[in-house]
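Visitor: I am new to this structure, and I would like a close look at a single part of it rather than a quick tour of everything. Please choose one part, and then explain carefully how it is connected to what surrounds it.

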Amino acid sequence: DVAMYTAKELQTGVERYDPLSDSNDRSRLTLLTDLRHALAHEELLLHFQPKLNLTDGTLAGVEALVRWQHPTRGLLHPADFLPTVEHTGLIWPLTLTVLDLALTQTSTWRHAGHDLQVAVNLSARCLHRPDLAAQVLQRLQTHDVPARSLRLELTESALMAEPERA
């Protein structure tokens with residue numbers, strides 16, 4: 001797994017595992033294994049933070065904030081797992097899961113008469129995916145949500161790590 005993630009990060013296609021350059025510790029590898037399980041067993045959930053219009057105080061939309069209901073560690077906040085995940089190939093399936101959860105909730109709100117825009121954060125790694133737009137459009141159609149109801153935002157780490165590419 002370490003060699004595979006290194007190859008993905010460096011975009012070389014293939015890397016050989018080198019234990020001397022392995023910066024992964026057991027807790028990081030356990031976290032990644034647990035996250036794979038979480039993605040497959042719907043342990044991720046979203047909290048929605050309101051976004052207010054500063055001129056009149058009205059609700060302008062919400063921001064989707066991912067949380068992980070870990071079976072043994074309890075509720076994990078993004079700071080507990082996202083920094084590790086952003087450097088692996090798991091950031092893409094995590095992003096797609098967050099998009100699906102956010103659009104599911106947006107669709108529910110729309111059918112209840114609440115036309116809210118939901119913001120979803122993207123990491124720099126997701127911006128390099130050639131299928132990003134197609135995946136977003138497919139999910140919008142699947143959940144019957146108009147594009148104007150989704151706002152994609154760059155994470156701070158994306159801007160800091162590679163400002164020119166971002």
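Guide: Let us begin with a word that the rest relies on: a residue is called exposed when its relative accessible area is over 50%, buried when that area is under 20%, and partly exposed in between. The model is a predicted one, and the part I have chosen is helix H6, which spans residues 132-142, together with the loop that follows.

In that loop, between H6 and E5, we find Asp 144. With a relative accessible area of 53%, Asp 144 lies over the 50% cut-off, and therefore counts as exposed. The backbone of Asp 144 also deserves attention, since its phi is near 55°, a positive value in a residue other than glycine. As background, most residues other than glycine have a negative phi. Glu 42 also departs from that habit, with a positive phi of about 55° although it is not a glycine; Glu 42 belongs to the loop between H2 and E1, and its relative accessible area of 73% makes it exposed.

Stepping back from the loop into the helix, we meet residues with contrasting surroundings. Leu 132, Val 136, Arg 139 and Leu 140 are the buried residues to look for in H6. They lie on the same side of the helix, because the arc they cover around the axis is only 105°. The regular geometry of such an element helps here: an α-helix has 3.6 residues a turn, so residues three or four places apart point the same way. On the other side of H6, by contrast, Leu 137, Gln 141 and Thr 142 are exposed.

What do the buried residues of H6 pack against? Their partners are H4, E4, helix H5 (residues 124-127) and strand E5 (residues 150-154). Of these partners, H4 leads us towards the middle of the protein, but a residue of H4 called Gln 105 is worth a pause on the way. Gln 105 is partly exposed, having a relative accessible area of 25%, and although 38 residues separate Gln 105 from His 143 along the chain, their C-alpha atoms are 9.2 Å apart.

H4 and H6 also appear together in the largest nonpolar core, which has 35 residues; among these, Trp 68, Phe 81, Val 85, Leu 94 and Leu 150 touch the most other members. Two or more residues of this core come from each of H2, E1, E2, H3, H4, E4 and H6, and the most are given by H4, with nine. More generally, in soluble globular proteins nonpolar side chains tend to be buried together. Phe 81 shows how such a residue is surrounded: setting aside its neighbours within four places in sequence, its contacts are Leu 31, Val 66, Arg 67, Trp 68, Leu 76 and Leu 94.

E4, another partner of H6, carries us into the strands. E4 runs parallel to E2, with two bridges joining them, and in this pairing Glu 63 stands opposite Ala 119 of E4. E2 is itself mostly covered, nine of its twelve residues being buried. E2 also pairs with E1 in the antiparallel sense, through nine bridges, and Leu 46 has Val 66 of E2 as its bridge partner. These two strands make a hairpin with six residues between them, and Gly 57 in the turn has a positive phi of about 75°. With E3, E2 pairs antiparallel over three bridges, one of the partnerships being that of Trp 68 with Leu 76 in E3.

E4 and E5, both packed against by H6, also help to line the second largest pocket, to which E2, H4 and H7 likewise each supply at least two residues. The space in this pocket is about 380 Å³, and of its 20 lining residues, Leu 82, Glu 86, Asn 121, Leu 122 and Thr 155 are the closest to the centre.

To place this part within the whole, the protein has seven helices and five strands, and 36% of its 166 residues are buried. Among contacts with a separation of 6 or more, 64% involve residues 24 or more positions apart.

Terms used: Residues numbered from 1 in each chain as written. Predicted model: local features only at pLDDT ≥ 70, side-chain atom pairs only at ≥ 80, totals over all residues. Heavy atoms only, no water. Core = buried A, V, L, I, M, F, W, Y, C linked by side-chain atoms within 4.5 Å. Buried < 20%, exposed > 50% of the residue type's maximum accessible area, 1.4 Å probe, protein only. Helix = DSSP H or I, 4+ residues; strand = E, 2+ residues; numbered from the N terminus. Contact = heavy atoms within 4.5 Å. Arc of directions from axis to C-beta. Pairing = 2+ DSSP bridges. 1 Å grid on protein atoms, 1.4 Å probe; cavity = no way out; pocket = protein on both sides within 12 Å on 5 of 7 lines; lining within 4 Å. Points joined across faces, edges and corners; volume = space filled by probe spheres on them.
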